[in-house]
Amino acid sequence: KYARNDLEFMSLFIEMMQRIEQGTGHADVATPLIWTNDHELNDEIAKYGISLESFYMQNEWWKLFNEIKSYWFSDLPVMYLSGNYVTTEDYLVVEKRIDSGSTILTIDNIPADEYVKSIQHRMWLRFDSHLKKAYHSDGTPFVMYGKKREHPWVVQFLLNDSSIVDYELPITTDITKVPIRPTPESNVICRELIDEVGYIKVASFPGGSTRRREYKTIRNFITGGQEKYTKLILDLRRNSGGSPVYWEKNLIPFFIKEPVSYVQYSAVKKKIYDKLEQPFLASRERMRPVYDSGMFRKVLLNDLPWDNLPDYFNDTEWYFFENSKTYTPFEGFNLKSKVYVLMDNDCFSATEDFLKTVKQLDPITLVGASSIGGAAAFIEPWLFELPNSHIIFTLEFELAFNSDGTINEIYGTNPDYALEPSTYPTTLPTGFSKEELVKDSWIQWVIRN
């Protein structure tokens with residue numbers, strides 16, 4: 001009805017996914033799956049109940065997806081700071097100067113916050129749990145995908161001398177104009193910062209052989225410093241997730257001194273869970289003994305440990321789940337270090353799972369800024385298909401609760417000690433050498449405290 005061709009249809013569908021993503025984090029057109037034989041393909045079909053036709057058509061839809069998801073932006077350097085969008089460098093516009101530290105008041109004659117809300121169908125907005133407001137996920141409101149706008153942004157600035165000026169910001173699609181943020185030379189970096197402080201950077205949580213190889217790197221470093229370091233820093237800034245098995249195997253067992261139990265709660269709409277329960281159990285045989293052992297069970301709303309949940313939760317439309325886990329330390333390890341985890345607004349998905357878990361573990365202290373959310377208590381994001389077009393998409397349909405009863409997908413996880421709580425992008429080291437790391441303000445905070 002609203003789309004004249006496949007390109008317009010995909011564009012509308014992407015906008016719908018973008019709006020859904022604001023509340024879940026995992027919602028998008030699925031990357032085409034790669035299979036090496038018919039057996040692997042049949043497993044995927046059985047697992048998700050998706051037709052063979054959809055798997056074969058996904059590459060064609062993916063081409064349209066990438067055509068639509070071309071980005072355009074302004075090269076004005078801006079960051080989200082204490083609820084405002086503020087320039088971070090001096091900038092010239094047609095020989096006119098915008099000073100570093102100038103605040104954006106309006107965009108296209110709309111107050112900056114209202115403008116950002118108006119583009120939620122084009123960009124993933126983050127939620128500032130400190131100031132209780134949405135903000136642009138790139139730190140600057142001048143990033144968008146889709147058909148390039150024909151006219152510059154008209155932006156009103158509050159300059160440092162308290163004067164108010166209006167400028168037109170030119171549009172660019174030149175990706176080289178985007179400021180480069182430091183990237184680790186490898187996924188895991190281990191450094192001794194000073195005699196008493198060790199440092200581990202983990203950029204992502206891969207699975208399989210990579211996870212096992214990095215386990216050895218982490219184990220060797222912690223083994224060498226377990227009697228020496230009084231503080232151990234685990235840097236997860238910009239880690240957007242991967243496999244939860246990574247942190248369950250590679251991190252938690254080193255940080256605890258005795259078995260610890262962890263209980264988490266979640267909610268799923270009955271309509272969707274009744275449809276997916278059997279394929280979910282069939283594709284995850286390990287869940288059956290968990291069900292049978294009572295570690296994972298359905299509960300009622302009144303069984304949850306909070307009485308201030310939103311009114312839309314009820315036992316008629318929702319299933320509630322209690323999932324218990326126990327983590328066991330590695331035998332022979334006696335880590336004497338106090339563990340500090342550096343977290344920021346880019347922590348998401350499996351990294352969020354880790355943060356939400358260790359929030360309840362006494363030996364570990366969370367430092368930095370609130371995470372995005374996107375934790376999964378027991379169900380990972382699922383693949384679905386549209387019945388007529390056969391577009392495959394990813395959707396997160398489980399709501400995970402934080403330990404205080406807030407919804408993780410909305411609020412994320414708050415650190416124990418907030419550093420720059422309403423700043424994005426958050427502080428990062430200029431590089432990952434020992435000399436560069438010890439100059440980082442967040443690392444300095446851990447060393448001093």
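This briefing covers the overall build of the chain, its cysteines and a few unusual backbone spots. The model is predicted. The protein chain has 449 residues, and its radius of gyration of 23 Å agrees with that of a compact globule. It holds 13 helices and 26 strands. A search of the whole structure finds zero disulfides.

**Overall build**

- A compact globule with 449 residues would have a radius of gyration near 22 Å, so the 23 Å of the protein chain fits that expectation.
- The C-alpha trace spans about 70 × 65 × 50 Å along its principal axes.
- Helices number 13 in the protein chain, and strands number 26.
- Take the contacts between residues at least 6 apart in sequence: 73% of them join residues at least 24 apart.

**Surface and charge**

- Of the 449 residues, 50% count as buried.
- The protein chain exposes about 21,700 Å², and carbon and sulfur atoms supply 51% of that area.
- Side chains with a positive charge number 48, and those with a negative charge number 63.
- The centres of these two sets lie 2 Å apart.

**Cysteines**

- No disulfide turns up anywhere in the structure.
- Cys190 cannot pair with Cys347, because their sulfur atoms are 18 Å apart, too far for a bond. A disulfide needs the two sulfur atoms within 2.5 Å.
- For Cys190, the closest cysteine sulfur is the one in Cys347. For Cys347, the nearest is that of Cys190, and Cys347 is in no disulfide.
- Cys347 has 0% relative accessibility, so it counts as buried.

**Unusual backbone spots**

- Most residues other than glycine have a negative phi, and most peptide bonds are trans. The spots below depart from these patterns in phi or in the peptide bond.
- Tyr424 and Pro425 are joined by a cis peptide bond, with omega about 0 degrees. Pro425 sits in the loop between strand 26 (423-424) and helix 12 (434-437).
- Ser82 is not a glycine, yet its phi is positive, about 50 degrees. Its place is the loop between strand 3 (78-81) and strand 4 (84-87). Ser82 counts as exposed because its relative accessibility is 51%, and the cut-off for exposed is over 50%.
- Arg238 also has a positive phi, near 70 degrees. This residue is in the loop between strand 16 (231-235) and helix 6 (244-250). Its relative accessibility is 35%, so Arg238 counts as partly exposed.

How values were computed:
Residues are numbered from 1 along each chain as its sequence is written. This is a predicted model: local features need pLDDT of at least 70, side-chain atom pairs count only at pLDDT 80 or more; totals for chains, interfaces and linings use all residues. Side-chain values use heavy atoms; hydrogens and water are left out. Buried means under 20% relative accessible area, exposed over 50%, partly exposed in between (1.4 Å probe, protein chains only). Helices (H or I, at least four residues) and strands (E, at least two) are DSSP runs, numbered from the N terminus. The radius of gyration is taken over C-alpha atoms; the globule rule is 2.2 Å times the number of residues to the power 0.38. Contact means heavy atoms within 4.5 Å. Accessible areas come from the Shrake-Rupley method with a 1.4 Å probe; for residues, only the protein chains shown count as cover. Lys and Arg count as positive and Asp and Glu as negative; His and the chain ends are not counted. The place of a charge is taken as NZ of Lys, CZ of Arg, CG of Asp or CD of Glu.
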